[in-house]
Amino acid sequence: LFQAVSNQFSLPFLKQAAGMCLDRFRRCLRRCCCCRPRNQPEARDPFLDLEASRTPASDVGGSGAVALASGSGGPGDGMDPTILLGETFDGGLQWDRRWQGMRMGPPSEDKRKEIREETQRTVLRALGLQHWGAPVRDFALLPPEFQGCAHIFVDRTLESTVGKAPAGGNYLLGRFDVVAVKAHADKDRAWTGLEGAESNKFWVAHAAALTIGESKQAEDFQEYSILQSFGRRSLNEEAYLEAMGHIVGNVAAACTTLAAEHVVFFPFGMGAFLRHLRLLDGKFAQRRVMQDLRRKLTHVLMKALVEGLPDSANIHLCISFGNDEAKDNGDAFLRAVVGPGAAMEELRKRLTVWPSADALQVAHVLAQASPEKVVLVNGANRRLIGNHWFEGKAKWAIDENLHRRSWTMSAIAYVLNGYDGQDRARSPQELQNNVLRLGGQVHVIGS
């Protein structure tokens, strides 16, 4: 039917759709036992259903992993995406497996709520406020340890001036800007107390990844897509990957200024940021295409990080394998770091992989030996540092759950946000001014 209509009205997109449907139908017929000749084995299509061809963790990392480790593969190189590298893969990397396979998160939602409300009360006491949403009017009355606890790194490249990139209006944080705050962790991976937490201070680098697939209204997709026929848009992969590398490059510059000896990284800009991209660009409904994008992205992120950091800085990669999305992300990172190239070779010398680790607790552990020389990278919200961590939503988001388990991080965020309980337009200099009022510094990148 599609072919007949497309031939009649010269609509090439219908002909393409017809071809895709017929191809899928033929594949299904090959898999159907009713349509195969007797005694003929089922024809398997590794790209028809990625879920069906997932292998157990103990089987992951066979010939595909060896080929990558020996330098025959790389990001987006067309290798079979159904061979997923997992937590038992070695690849000649340094691993810290102390939490591998362990559950992470509060034992119940009641516990999450209890810790969240406890943190709110602590923030109010520290800031001398009577109720949540009261503005901080006198910075001189803040705790003395807040003095100099924040730095902002402001991007001055051309890219930071176009579209929705600048700070101001709806956005407190510029698209390519980074704000770093000094904090300590109060709760561990199981949301129980940490001993000696206040002496183990570290820096948290808040940077915002591009949101191109969070929902059908993902706010960055429009700027990083190309208009196609009939009003459809497709992701501009080159521009997207370049911008993500730009953001992480600025994170690396911030870490260098802060004299970081250890940088704790996680699947930045993945997870929810890509989860519904298929709704905006239909080709990403194909798992092969989606996994290829993940692998390209992780290569760009890790390359920008290692090239921007000093040789003395060690990188700690926290990845999990608890569900299918996490496994896809983990595979992408592992393939990136064992891939070819001088940057990846240098990265492997300084990289530790932490499977199933909580990034906040890793930063706490590292800060025991290197206080204030550790930087934890956080995927921030441009409108509000910490987003609405004090509400019951976003139960699994890294940004909110970091703040819920650190009163210092949350209190500084309250001040930087100029929080007053109202949604309001921001001035372009608002975040910079709040950093300066805390005795912090403004650094310019790319001027």
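Is Glu109 buried, exposed or partly exposed? Select that residue to begin the tour, and keep in mind that you are looking at a predicted model. Glu109 has a relative accessibility of 35%, so it counts as partly exposed, because the buried class is kept for values under 20% and the exposed class for those over 50%.

**Stop 1: the partners of Glu109**

Keep Glu109 on screen and add Arg112. Their side chains form a salt bridge, with N and O 2.9 Å apart. Both residues belong to helix α4, where they sit three residues apart, or about one turn of the helix. Now compare the surroundings of the two: Glu109 is partly exposed, whereas Arg112 is buried, at a relative accessible area of 2%.

Next, add Lys395 to the selection. The side chain of Glu109 meets that of Lys395 in a salt bridge too, at 4.0 Å from N to O. Glu109 is in helix α4, while Lys395 is in the loop between β10 (374-379) and α10 (398-404), so this pair ties together parts that are 286 residues apart in sequence. Lys395 is partly exposed, with 36% relative accessible area.

**Stop 2: where α4 meets α11**

Stay with α4, but show the whole helix, residues 109-127, and bring in α11, residues 407-417. The two helices pack with their axes 9 Å apart, at an angle of about 60 degrees. That angle makes α4 oblique to α11. If you turn the view to look at the crossing, its hand is right-handed.

Which residues make the contact? On the α4 side, select Thr119, Thr122, Val123, Ala126 and Leu127. On the α11 side, pick Trp407, Ser410, Ala411, Tyr414 and Val415. Colour this set by residue class and you should find seven nonpolar residues, three polar ones and no charged ones.

**Stop 3: a salt-bridge network**

For the last stop, move to Arg426 and Glu430. These two form a salt bridge whose closest N and O atoms are 2.7 Å apart. Are the partners buried or exposed? Arg426 counts as buried, at 10% relative accessibility, and Glu430 is buried as well, with a relative accessible area of 11%.

Now widen the selection to include Asp420 and Arg424. Together with Arg426 and Glu430, they make up one network, joined by salt bridges that share partners.

If you would like to keep exploring, there is plenty left to select: across the whole structure, a search finds 23 salt bridges, among them Glu109 with Arg112 and Arg426 with Glu430.

Notes:
Residues are numbered from 1 along each chain as its sequence is written. This is a predicted model: local features need pLDDT of at least 70, side-chain atom pairs count only at pLDDT 80 or more; totals for chains, interfaces and linings use all residues. Side-chain values use heavy atoms; hydrogens and water are left out. Axes are lines fitted to C-alpha atoms, for helices over the stretch in contact, and angles run from 0 to 180 degrees between N-to-C directions. Helices (H or I, at least four residues) and strands (E, at least two) are DSSP runs, numbered from the N terminus. Angles under 35 degrees count as roughly parallel, over 145 as roughly antiparallel, 65 to 115 as roughly perpendicular and the rest as oblique. A crossing is left-handed if the near helix is turned anticlockwise from the far one by less than a right angle, and right-handed if clockwise. Contact means heavy atoms within 4.5 Å. Ala, Val, Leu, Ile, Met, Phe, Trp, Tyr, Cys and Pro count as nonpolar, Asp, Glu, Lys and Arg as charged, and the others, Gly among them, as polar. Buried means under 20% relative accessible area, exposed over 50%, partly exposed in between (1.4 Å probe, protein chains only).
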